[in-house]
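Hi everyone, thanks for coming. I'd like to walk you through a few residues today, so have a look at the picture first.

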Amino acid sequence: MDSGSAHHALERLANLCMRGRAAVTPEHAYRSCASAIDLIVHITTVDERWIGGERHRFVSQVLECNGIGDGGRPAVTDVFAPGPDGRAVPEHDPVDLADYVRVGFDPDWLRPGRWASAVGGQR
């Protein structure tokens, strides 16, 4: 699925849900997405081949879905948001951080400055 952001991907998923069955209302589609999705990881592709560069893919955004929010749409937390260069940087701790830690997630990855050391000095 091609989308401009993780927020846009959530909208696209709800629209696809409504297209699949005629009886699905927008409220039901958003409720289904909110109950079925924990995280949305958005990957951006930058193609610089036209200027002699390379094609790059990187994570630019990670959203956590936290149930139903205002207006019947999924409530989300921007865990990682696009930084100055478009690559994801820590924004907020996930609501379900304890669950992620329990299954092996290192919460230090959510701290500024952790990224350069985590990937060998490169981003």
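**Three residues up close**

Let's start with arginine 111, which counts as partly exposed because its relative accessibility is 33%, between the 20% and 50% cut-offs. Keep in mind as we go that this is a predicted model.

Where does arginine 111 sit? You'll find arginine 111 in the loop between helix H3, residues 97–102, and helix H4, residues 114–118. Leaving out residues up to four places away in sequence, arginine 111 touches Pro90 and Asp93. Take the proline: arginine 111 and proline 90 are 21 residues apart in sequence, yet their C-alpha atoms are 6.5 Å apart in space. With aspartate 93, the side chain of arginine 111 makes a polar contact of 2.9 Å.

Now over to strand S2, which spans residues 55–68 and holds glutamine 61. Is glutamine 61 buried or exposed? Glutamine 61 is buried, because its relative accessibility is 7%, and the cut-off for buried is under 20%. Its side chain still has a polar partner: one of its polar atoms lies 2.9 Å from the backbone nitrogen of alanine 6. Again setting aside residues up to four places away in sequence, glutamine 61 has contacts that include Ser5, Ala6, His7, Ile40, Asp78 and Phe80.

Last stop, serine 60, also a residue of strand S2. Serine 60 has a relative accessible area of 5%, so serine 60 is buried. With the sequence neighbours up to four places away left out, serine 60 touches several residues, among them Ile43, Thr44, Gly86 and Arg87. His42, Pro82 and Ala88 appear among the contacts of serine 60 and among those of glutamine 61.

Key. Residues are numbered from 1 along each chain as its sequence is written. This is a predicted model: local features need pLDDT of at least 70, side-chain atom pairs count only at pLDDT 80 or more; totals for chains, interfaces and linings use all residues. Side-chain values use heavy atoms; hydrogens and water are left out. Helices (H or I, at least four residues) and strands (E, at least two) are DSSP runs, numbered from the N terminus. Buried means under 20% relative accessible area, exposed over 50%, partly exposed in between (1.4 Å probe, protein chains only). A polar contact is a pair of N or O atoms within 3.5 Å; within protein, one must be able to donate a hydrogen and the other to accept it, and residues adjacent in sequence count only if both atoms are side-chain atoms. Contact means heavy atoms within 4.5 Å.
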